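The following exercises ask the reader to work from the sequence and the coordinates together. Each task is followed by a solution in steps.

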Amino acid sequence: MNSRRQFFKAAGIAGGAIAAAAVSRVAMAALPEPVFQTLPDTMPPLLPQTGRPYNPVVTLNGWTLPWRMNQGVKEFHLVAEAVVREMAPGMKAHLWGYNGQSPGPTIEVVEGDRVRVFVTNKLPEHTSVHWHGQRLPNGMDGVTGLNQPGINPGKTFVYEFVARRPGTFMYHPHADEMTQMAMGMMGFWVTHPKEKHPLIDEVQRDFCFLLNAYDIDPGSYTPKIMTMLDFNLWSWNSRIFPGIDSLNVRLNDKVRIRVGNLTMTNHPIHLHGHEFEVTGTDGGPTPEGGRWPEVTTDIAVGQMRQIEFVASEEGDWAFHCHKSHHTMNAMGHDVPTMIGVDHRDVVKKITKLIPDYMVMGERGMADMAEMEMPLPDNTVPMMTGQGPFGGVEMGGMFSVLKVRKDQQAGNYKNPDWYKHPPGSVAFEWTGAMPEPARFKAEGGHSMPLATAPKHDVEVQIRKPSGHSGH
């Protein structure tokens with residue numbers, strides 16, 4: 001994380017650029033110094049140094065924006081700008097975002113905080129910020145033309161409101177949305193409760209990320225902003241597997257995961273090995289009577305979902321969107337299905353003209369993940385990622401929940417692959433069954449021997465008798 005001290009040559013740039021509140025009401029000495037982050041790693045939680053205390057979140061492959069306290073007001077500074085985002089090792093995208101990244105940094109506040117957000121526009125066109133799900137004055141809602149004029153390039157606007165209710169929210173432009181959101185402009189917002197809430201439990205791990213999607217041709221860097229549905233890169237916080245970090249927790253931790261959807265389709269988010277409950281949306285905490293156990297929850301466009309569970313099962317558990325093409329990276333969708341087609345005679349003829357010709361897809365698509373085919377610049381394989389048993393054959397919206405009994409409280413470091421107990425991994429059938437390891441401690445028997453009764457038991461049977469004409 002680095003500060004650009006020369007970003008503003010003079011604090012006077014604020015003069016005339018503050019449109020959301022009067023200067024006398026802002027009561028500031030100068031703009032808060034903007035803070036930037038370009039590393040794509042998951043940053044540790046930002047513990048509150050000032051203001052009310054709370055248990056901070058961890059943004060998957062992201063970070064939390066620092067603030068300053070100014071006469072009781074929590075002040076943040078967002079800079080809308082062009083950024084370069086590493087989507088996975090070997091691939092970078094030219095996007096628009098905030099403070100060096102797409103998505104922008106997570107903003108964390110506490111219920112009842114008076115919040116002031118300075119937004120400086122370094123884009124080539126006007127922009128705005130809509131505070132999705134917030135209760136606030138109408139003139140702070142961020143819809144260009146309706147609630148405010150656009151923030152022109154080089155200008156700084158101020159948004160000021162009270163964080164009136166706890167919950168899971170996001171921010172994004174409401175100006176030229178088709179372009180700006182397709183280019184990656186969005187960020188997460190979390191409002192923590194100021195005191196114990198009857199519907200908000202304390203958790204040991206609290207993760208958040210946004211669902212977003214891009215259409216970037218292999219070999220290129222900039223998304224196609226006019227794509228409506230046929231995206232080729234489905235991402236979490238503008239990262240694609242294997243570039244998405246794992247979620248590392250301690251055995252029996254209470255875990256909360258907050259997810260927001262700013263793509264153009266729904267996403268059934270699925271967790272292996274555990275059941276969870278949806279405990280909140282951008283509308284607020286879910287009443288207890290409206291919760292039920294699930295392993296998949298569908299998140300529609302513009303929605304937030306907050307799920308919670310106890311990480312009671314050790315292991316490396318898949319966590320992903322259950323639309324299968326959303327767990328693949330850049331690929332063409334117009335490829336014919338060749339499963340079962342015998343290519344042998346055709347291949348002989350084609351290889352005479354094209355010696356390097358390869359048959360693809362006659363046995364499914366898994367073979368393609370193992371082919372070491374040359375790729376265009378700035379792209380990644382369609383299915384990739386290596387696990388302890390070989391290729392994971394996934395991409396896109398896929399990660400791993402790693403549950404470990406020896407993971408220390410507050411430690412988010414990625415542990416090694418899970419070491420499975422003997423006899424607990426699926427194996428090849430070879431004609432004989434090995435004795436399961438868990439039975440060896442039971443005297444060598446697969447089941448305890450039944451104990452014969454010591455004496456006969458007399459059983460009396462009473463048959464029903466007819467009555468009432470039946």
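The exercises below concern a predicted model, and they proceed from the whole chain to single residues.

**Exercise 1. The protein as a whole**

Task: State how many helices and strands there are in the protein, and what share of the residues counts as buried.

Solution. Step 1: the protein has four helices and 25 strands. Step 2: of its 470 residues, 47% count as buried. Step 3: the accessible surface comes to about 24,300 Å², and carbon and sulfur atoms contribute 55% of that area. Step 4: among contacts with a separation of 6 or more, 75% are between residues 24 or more positions apart.

**Exercise 2. Strand 25 and its partners**

Task: Determine which strands are joined to strand 25 by bridges, and in which sense each pair runs.

Solution. Step 1: strand 15 (residues 247-250) runs parallel to strand 25, and four bridges join the two. Within this pair, V249 stands opposite V403. Step 2: strand 22 (residues 315-321) runs antiparallel to strand 25, with six bridges between them. Here D316 has K402 as its bridge partner.

Task: Decide whether the residues of strand 25 are buried or exposed, and assign their directions.

Solution. Step 1: in a regular strand, side chains alternate between the two faces of the sheet. Step 2: in strand 25, F398, V400, K402 and R404 point one way, whereas S399, L401 and V403 point the other way. Step 3: seven of the seven residues of strand 25 (residues 398-404) are buried. Residues pointing in either direction, including K402 and R404, are thus covered.

**Exercise 3. The surroundings of strand 18**

Task: Identify the strands that pair with strand 18, and the connection between strand 18 and strand 19.

Solution. Step 1: strand 18 (residues 277-281) pairs with strand 21 (residues 304-310) over four bridges in the antiparallel sense. In this pairing G280 stands opposite Q306. Step 2: strand 18 also pairs with strand 19 (residues 284-285), again antiparallel, over two bridges. T281 and G284 face each other there. Step 3: the link from strand 18 to strand 19 is a hairpin through two residues.

**Exercise 4. A four-stranded sheet and an aromatic cluster**

Task: Give the strand order of the open sheet of four strands, and name its edge strands.

Solution. Step 1: the order is 7-12-11-9, and the pairing is mixed. Step 2: strand 7 (107-110) and strand 9 (130-132) pair on one side only and are the edge strands. Step 3: neighbouring strands of this sheet are turned against each other by 25 degrees on average, direction ignored. Step 4: edge strand 9 pairs with strand 11 (residues 167-172) in the antiparallel sense over three bridges, and H130 has H172 as its bridge partner.

Task: Explain what the pairing of W131 with F161 ties together.

Solution. Step 1: the structure contains 13 aromatic pairs. Step 2: W131 and F161 form a tilted pair, 6.0 Å centre to centre, with 50 degrees between the planes. Step 3: W131 lies in strand 9 and F161 in strand 10 (residues 156-162), so the pair ties together parts that are 30 residues apart in sequence. Step 4: both W131 and F161 are buried. Step 5: these two residues belong to one aromatic cluster with Y98, Y159, Y171 and W189.

**Exercise 5. Cysteines and backbone features**

Task: State how many disulfides a search of the whole structure finds, and classify C208 and C321.

Solution. Step 1: the search finds zero disulfides. Step 2: a residue is buried if its relative accessible area is under 20%. Step 3: C208, at 0%, is therefore buried, and C321, at 1%, is buried as well.

Task: Locate the prolines P103 and P242, and the asparagines N61 and N99.

Solution. Step 1: the S102 to P103 peptide bond is cis, with omega near -5 degrees, and P103 is in the loop between strand 6 (91-98) and strand 7. Step 2: the F241 to P242 bond is also cis, with omega near 15 degrees, and P242 is in the loop between strand 14 (233-236) and strand 15. Step 3: N61, in the loop between strand 3 (58-59) and strand 4 (68-70), has a positive phi of about 55 degrees and is buried at 1%. Step 4: N99, in the loop between strand 6 and strand 7, has a positive phi near 55 degrees and is buried at 0%.

Technical notes:
Residues numbered from 1 in each chain as written. Predicted model: local features only at pLDDT ≥ 70, side-chain atom pairs only at ≥ 80, totals over all residues. Heavy atoms only, no water. Pairing = 2+ DSSP bridges. Buried < 20%, exposed > 50% of the residue type's maximum accessible area, 1.4 Å probe, protein only. Disulfide = S-S within 2.5 Å. Axes fitted to C-alpha atoms, helices over the stretch in contact; angles between N-to-C directions. Contact = heavy atoms within 4.5 Å. Areas by Shrake-Rupley, 256 points an atom, 1.4 Å probe, with all protein chains shown as cover. Phe/Tyr/Trp six-rings, centres within 6.5 Å; stacked < 30°, edge-to-face > 60°.
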